[in-house]
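Reader: I would like to learn how to read this model feature by feature. Where do we begin?

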Amino acid sequence: MAKGAKDQAVSERLPVARVAVDISLAHLDRPFDYLVPAALAEAAVPGCRVRVRFAGQLVDGYLLERTQASEHQGRLARLERVISPEPVLTPEIFDLARAVADRYAGTLADVLRLAIPPRHATAEREILATGGSKHAGSRPAAGPWVRYSAGEAFLAGLADRRPVRAAWSALPGSHWPAEIAIAAGTTAAAGRGVVIVVPDARDLELLDAALSGVSHVCLSADLGPAERYRRWLAARRGLVPVVAGTRAAMFAPVTDLGLVVLWDDGDDLHAEPRAPYPNAREVLALRAHQAGAAALIGGFARTAELTQLVAAGWARPLTGRPEVLRQVAPLVRAAPDETELARDAAAMTARLPSMALRAARSALAGEARGALAGGPVLVQVPRRGYLAAIACDRCRAQARCATCSGPLEVVGAREIPDCRWCGAMATDWTCARCGSGRVRALVTGAARTAEELGRAFPGVPVRTSGGQHVLATVTAEPALVIATPGAEPVASEGYAAALLLDGWALLGRPSLRAAEETLRRWMNAAALVRPAGPVVVLAEASLPAVQALIRWDPVNFSERELAERAELGFPPAVRMASITGASDAVADFVGSVGLPDHAEVLGPVPAGTVPGRNAGHHHQQPDEPPEPQERALIRISRREGLALARALHAAQATRSARKGGAAVRVQLDPAEVA
DNA sequence: ACTCCATTAGAA
DNA sequence: TCTAATGGAGTA
């Protein structure tokens with residue numbers, strides 16, 4: 001039998017390769033079989049990257065397994081190339097990625113793009129020299145964990161390699177990176193791997209320092225491709241047992257995973273913005289479940305989702321001992337915001353409640369009779385996004401868009417306000433209530449607040465942290481530290497006091513999560529204050545979120561929150577899917593889904609527009625009219641969540657197979673539903 | 001994105 | 001009856 005070069009011999013051993021192609025079309029979301037040429041027999045190992053001809057073109061893919069025979073009836077094509085024999089897709093990560101895709105009605109290809117960093121050939125060739133110390137340390141002492149009721153039991157579980165799962169409520173003032181480092185060190189000393197995920201680069205820095213005694217690598221988005229791949233490979237090759245990082249590290253391939261850790265699980269940075277929009281909490285919980293690993297998930301506050309995991313019996317509370325909490329909890333007082341005084345930055349210092357000013361003054365100066373020295377005072381102010389809201393100059397009603405009733409804002413130095421929801425310019429705005437045509441800023445930014453406060457405390461240094469300039473730490477010197485939520489620096493010896501000025505902006509948002517999110521931000525700031533230090537919050541004391549802060553009781557608050565959402569039929573008590581896109585596309589798609597019984601369709605309703613000048617879509621004309629978007633929600637019981645995801649995926653498959661109509665975005669558990 | 005194949009319209 | 005044109009399905 002004469003054969004051309006193309007028909008060269010096929011591998012004798014396991015001649016068939018099952019390949020997942022890197023194409024994110026729902027109807028192609030399954031393995032395809034290829035023949036392994038004899039020349040590639042050695043390199044074509046399970047998990048390696050390959051290149052194959054698919055539908056006439058060369059595409060990347062991952063080799064899933066080698067088998068003896070194929071089920072496929074037709075002729076098999078051959079692997080074109082093995083990109084490298086490095087098995088980057090481990091069995092654990094494959095199972096996880098498949099489960100995440102199924103959970104979120106997405107494709108394996110999309111999840112693998114999030115999970116596996118691009119290859120860097122040079123980094124792959126190097127013999128690794130990693131940052132962390134090489135040998136596994138000995139088991140660390142329980143240290144701060146003795147202050148938690150179940151702390152020692154949890155560590156004992158880690159040491160015994162048991163899958164203990166904790167819903168962690170960190171004690172205020174605790175140095176949480178050290179507590180995580182002890183849990184990680186205990187797991188590593190027991191010979192198992194650890195994955196730790198924190199919201200941002202600043203948290204990662206703190207954690208990196210705390211992990212100095214544990215062999216680890218840090219993964220974050222700001223590493224270059226080479227360094228990123230180098231560290232990721234170090235974990236994959238089993239050279240380091242512990243990986244710490246931001247969101248993408250949730251997929252890090254550590255050897256013999258024994259513990260997953262997620263800090264501050266309510267932070268929206270844990271939600272991946274790319275399809276299929278997985279959330280780190282869900283991914284890590286799924287991963288711990290599949291790998292038989294322990295889990296440590298939580299923060300100072302408690303999310304309804306984590307409470308749901310406790311209610312389902314998946315995790316157990318890990319909370320501070322009551323007697324310890326009584327000693328360390330900040331002394332919170334509420335100053336009601338009756339006069340809308342904080343909304344008017346110009347008058348803010350003049351009219352700041354005397355309680356807040358007194359607290360700040362004595363904290364800066366120290367207390368004469370006690371041993372307490374003066375120290376820094378943390379002032380939490382609204383984030384930039386909330387700052388630029390504007391109101392009617394005469395009657396102070398919030399200025400709203402004439403088209404869609406969205407809030408108006410002024411961006412940068414521009415004169416004309418535009419709508420934050422639909423983007424329409426409000427050229428001829430008049431107040432709907434009093435008819436005035438003039439607007440004023442409701443609040444100004446942190447910089448302005450800093451300026452105003454500085455004037456009220458002459459001689460006291462003012463530091464600001466937020467936006468582009470985030471401070472990681474401040475010294476124990478007396479100073480005013482103005483920070484936006486999430487950017488609060490850690491004070492080396494704790495803050496002498498904290499003023500929480502952004503309550504109205506946070507609580508007033510039209511969001512299902514407004515109260516929970518507000519409490520989370522308050523607690524994250526208040527937790528940085530010295531034990532039993534003063535905290536003043538500008539909000540009505542009777543509000544549940546304020547009560548929870550005063551009593552430092554995130555668990556009870558969250559349980560009520562979850563119960564309330566169960567009553568209203570909101571996540572996480574139920575599962576929700578959102579379908580977004582052009583209006584006919586949404587209607588079309590929803591109609592084509594073979595919905596499971598008891599699924600409930602809400603809408604579709606208008607959902608703003610896609611901005612026409614989006615830089616990401618290069619072929620869109622700048623003057624193209626923005627396309628009106630609609631959104632439908634589908635609600636179903638948690639039990640049937642997987643069935644719904646499967647149905648949505650199937651509908652996407654039908655749609656992508658015969659390229660019918662415009663794309664729709666399918667999102668499970670969207671961050672905002674209200 | 002590309003190919004293959006079935007179906008169908010058109011012309012001998 | 002043959003052939004070219006067209007659309008839809010499948011992609012190994």
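Author: With strand pairing. Two strands pair if DSSP finds at least two bridges between them. Take E1, residues 16-21, and E2: they pair in the antiparallel sense over 4 bridges. Valine 16 of E1 has leucine 35 of E2 as its bridge partner. Keep in mind that this is a predicted model.

Reader: What is the strand order in the open sheet of 5 strands?

Author: The order is E2-E1-E4-E3-E5, and the pairing is antiparallel. E2 and E5 (79-84) are at the edges with a single partner strand each, so one side of each has no neighbour in the sheet. From one strand to the next, the twist averages 45°.

Reader: How many bridges join E1 to E4?

Author: There are 6, and E1 runs antiparallel to E4, residues 57-67. Alanine 20 stands opposite tyrosine 62 of E4. E3, residues 49-54, is also joined to E4 by 6 bridges, again antiparallel. There, valine 52 stands opposite valine 59.

Reader: Which residue takes a positive phi in the hairpin of E3 and E4?

Author: Alanine 55, with a phi near 50°. The hairpin has 2 residues between its strands.

Reader: Now the nucleic acid. Which residues are closest to DNA strand C?

Author: A residue counts as near if its C-beta atom lies within 6 Å. Here 13 residues surround DNA strand C. The closest are Phe32, Asp33, Ala55, Ala77 and Arg658. Ala55 is the hairpin residue with the positive phi.

Reader: Which strand gives the most to that surface near DNA strand C?

Author: E2, residues 32-35, with 3 residues. E2 is also an edge strand of the open sheet. By class, the surface near DNA strand C holds 8 nonpolar, 3 polar and 2 charged residues.

Reader: Let us turn to parallel pairing. Which strands run parallel to E14?

Author: Two cases are worth tracing. E14 is joined to E23, residues 497-500, by 4 bridges, and the two run parallel. E14 also pairs with E21, residues 480-483, in the parallel sense over 4 bridges. Follow valine 377 through both. Its bridge partner in E23 is alanine 497. In E21, valine 377 stands opposite leucine 480.

Reader: Are the faces of E14 covered or open?

Author: To judge burial, count neighbours: a residue is buried if 20 or more other C-beta atoms lie within 10 Å of its own. Both faces of E14, residues 377-380, are covered. Val377 and Val379 are buried on one side. Leu378 and Gln380 are buried on the other.

Reader: Can I have a loop example? Why does leucine 538 count as buried?

Author: Leucine 538 counts as buried because it has 22 C-beta neighbours inside 10 Å. It sits in the loop between strand E24 (534-537) and helix H17 (544-550). Check its distant partner too. Leucine 538 and arginine 333 are 205 residues apart along the chain, yet their C-alpha atoms are separated by 8.7 Å.

Reader: Next, helices. How is a packed pair described?

Author: Two packed helices are described by the angle between their axes and the distance between the axes. Try H9, residues 304-311, against H18, residues 554-568. Their angle is about 90°, and their axes are 9 Å apart. H9 and H18 are therefore roughly perpendicular.

Reader: Which residues make the contact of H9 with H18?

Author: H9 brings Ala304, Thr307, Gln308 and Ala311. H18 brings Ser558, Glu559, Glu561, Leu562 and Arg565. By class, this contact has 3 nonpolar, 3 polar and 3 charged residues.

Reader: Is H9 largely enclosed or open?

Author: Of its 8 residues, 6 are buried, so H9 is largely enclosed by the rest of the structure. The buried ones are Ala304, Glu305, Leu306, Thr307, Gln308 and Leu309. Their cover includes E6 (165-169), H8 (280-291), E11 (294-299), H16 (514-526) and H18. Just after H9, glycine 313 takes a positive phi of about 85°.

Reader: Last, the whole chain. How many helices and strands does chain A have?

Author: Chain A has 20 helices and 28 strands. Of its 674 residues, 47% are buried. Now take the contacts in chain A with a separation of 6 or more: residues 24 or more positions apart account for 73% of them.

Definitions and conventions. Residues numbered from 1 in each chain as written. Chains lettered and ligands numbered in written order. Predicted model: local features only at pLDDT ≥ 70, side-chain atom pairs only at ≥ 80, totals over all residues. Nonpolar A, V, L, I, M, F, W, Y, C, P; charged D, E, K, R; others polar. Buried ≥ 20, exposed ≤ 12 C-beta atoms within 10 Å, placed from the backbone. Axes fitted to C-alpha atoms, helices over the stretch in contact; angles between N-to-C directions. Parallel < 35°, antiparallel > 145°, perpendicular 65-115°, else oblique. Contact = placed C-beta atoms within 7 Å.
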